[in-house]
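Hi there,

Here is the structure we talked about handing over. Please have a look at it first, and then read on for what turned up.

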Amino acid sequence: MLLEEDPSTLIAHTTQNFNITPDRHAVSRVAESLSTLQQARDLRLRESETNLKKLARTLNTLQSQHQEVTSSHSSAEHASLISRLDTQKFRVAKNVSDLEMETERLQTQLAELQARLQELELQGVDGDAATVAGESGNGNGNGNGGQVRSVEDEVLLRLKVYRSLGIEIEREEQDGEFTRAVVRNDRRGDVCVVNVDRHRFSRFFYANYFWQTL
């Protein structure tokens, strides 16, 4: 025989020397880990599918709402509305700017007119003083003439103020009443003729109309 010992004895000793129990335990642990991982993977997969279905339903709802909005609101109408609002905004801004400039011009004109009126009032006071001095020298017989001149001076003063504003008052030849006014606006180059009827409209109405025309 080639071997001194019996082959079966050698095989038995070899089998006893090979301890496969730790390997079997390791394989069992690996199998359990794989099973746990598979269960976790299946759970996450189901959760992902559920979330995907929810997102799909949300997407369908949003698409439906978007279609409703786009069908009820035309893009062309929206663009036209925006353009119209922009035009109105620029028009309002221009009107505001024009009104500010007009306000500054009127304030300047008002200051000039106040200074002119003060000057005319001072001239009227000086004239009245001179008239009173002349009347005192002439005696009481000329009292009525002094009153007439005072009234005429007051009328002339008012006419000067109106003329400085660009308003010319015309008097009728028959009764001597002022029944016509010519209003000139040098800034716009307009001339407006107004027939004054004191029985029909009040002085307040004509004053407002003259200011608006100026």
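How much surface does the protein expose, and what share of it do carbon and sulfur atoms supply? The exposed area is about 18200 Å², and 55% of it comes from carbon and sulfur atoms. Please keep in mind that this is a predicted model.

**Overall layout**

The protein has five helices and three strands. Going along the sequence, their order is α-α-α-α-β-β-β-α. The protein has 214 residues, and 9% of them count as buried. Among contacts with a separation of 6 or more, 29% are between residues 24 or more positions apart.

**How far to trust it**

The mean pLDDT is 76, and 73% of the residues reach 70 or more. Of the elements, α2 has the highest mean pLDDT, at 91, while helix α4 (residues 143-165) has the lowest, at 65. One stretch to handle with care is residues 128-133, where pLDDT stays under 50. For those residues the model has two contacts beyond four places in sequence. Where pLDDT is low, the predicted coordinates should not be read in detail.

**The nonpolar core**

Which residues make up the largest nonpolar core? There are six of them: Ile167, Ala181, Val183, Cys192, Val194 and Phe210. Strands β2 (178-185) and β3 (190-195) each supply at least two residues of this core.

Phe210 is a good residue to click on here. Leaving aside residues up to four places away in sequence, Phe210 touches Ile167, Ala181, Val183 and Val194.

Ile167 is part of strand β1 (residues 167-171). Its relative accessibility is 5%, so Ile167 counts as buried. The C-alpha atoms of Ile167 and Val193 are 9.7 Å apart, with the two positions 26 residues apart in sequence numbering.

**Two other buried residues**

Asn185 sits in strand β2. Is Asn185 buried or exposed? Asn185 is buried, because its relative accessible area is 6%, below the 20% cut-off. Asn185 and Gly166 are 19 residues apart in sequence, and their C-alpha atoms are 6.8 Å apart in space.

Leu113, which belongs to helix α3, has a relative accessible area of 16% and is therefore buried as well. What does Leu113 touch, not counting residues up to four places away in sequence? The residues are Ser164, Leu165 and Trp211. Between the C-alpha atoms of Leu113 and Ser164 the separation is 7.7 Å, although the two residues are 51 apart along the chain.

**A nonpolar patch on the surface**

Val30, Leu34 and Leu37 form a nonpolar patch on the surface. Together these three residues have about 310 Å² of accessible area. Leu34 lies in helix α2 (residues 21-72). With a relative accessible area of 54%, Leu34 is exposed.

**Salt bridges**

How many salt bridges does a search of the whole structure find? The search finds two. Side chains of opposite charge can pair when their charged atoms come close.

One of the salt bridges joins Lys94 and Asp98, with 3.0 Å between the closest N and O atoms. Both residues are in helix α3 (residues 75-138), four residues apart, or about one turn of the helix. Lys94 is exposed, with a relative accessible area of 53%, whereas Asp98 counts as partly exposed at 34%.

The other pairs Glu102 with Arg105, and here the closest N and O atoms are 2.6 Å apart. Why are Glu102 and Arg105 separated by about one helical turn? The reason is that they are three residues apart in helix α3. Arg105 has a relative accessible area of 26%, so it is partly exposed.

**Where to start looking**

If you open the model on your own screen, you could begin with Phe210 and its contacts to Ile167, Ala181, Val183 and Val194. After that, try the patch of Val30, Leu34 and Leu37, and then the salt bridge between Lys94 and Asp98.

Happy to go through any of this with you.

Best wishes

Key: Residues numbered from 1 in each chain as written. Predicted model: local features only at pLDDT ≥ 70, side-chain atom pairs only at ≥ 80, totals over all residues. Heavy atoms only, no water. Buried < 20%, exposed > 50% of the residue type's maximum accessible area, 1.4 Å probe, protein only. Contact = heavy atoms within 4.5 Å. Areas by Shrake-Rupley, 256 points an atom, 1.4 Å probe, with all protein chains shown as cover. Core = buried A, V, L, I, M, F, W, Y, C linked by side-chain atoms within 4.5 Å. Patch = residues over 30% accessible without salt bridge, like charges linked within 9 Å, V, L, I, M, F, W, Y side chains within 5 Å. Salt bridge = Lys/Arg side-chain N within 4 Å of Asp/Glu carboxyl O. pLDDT = per-residue confidence, 0-100.
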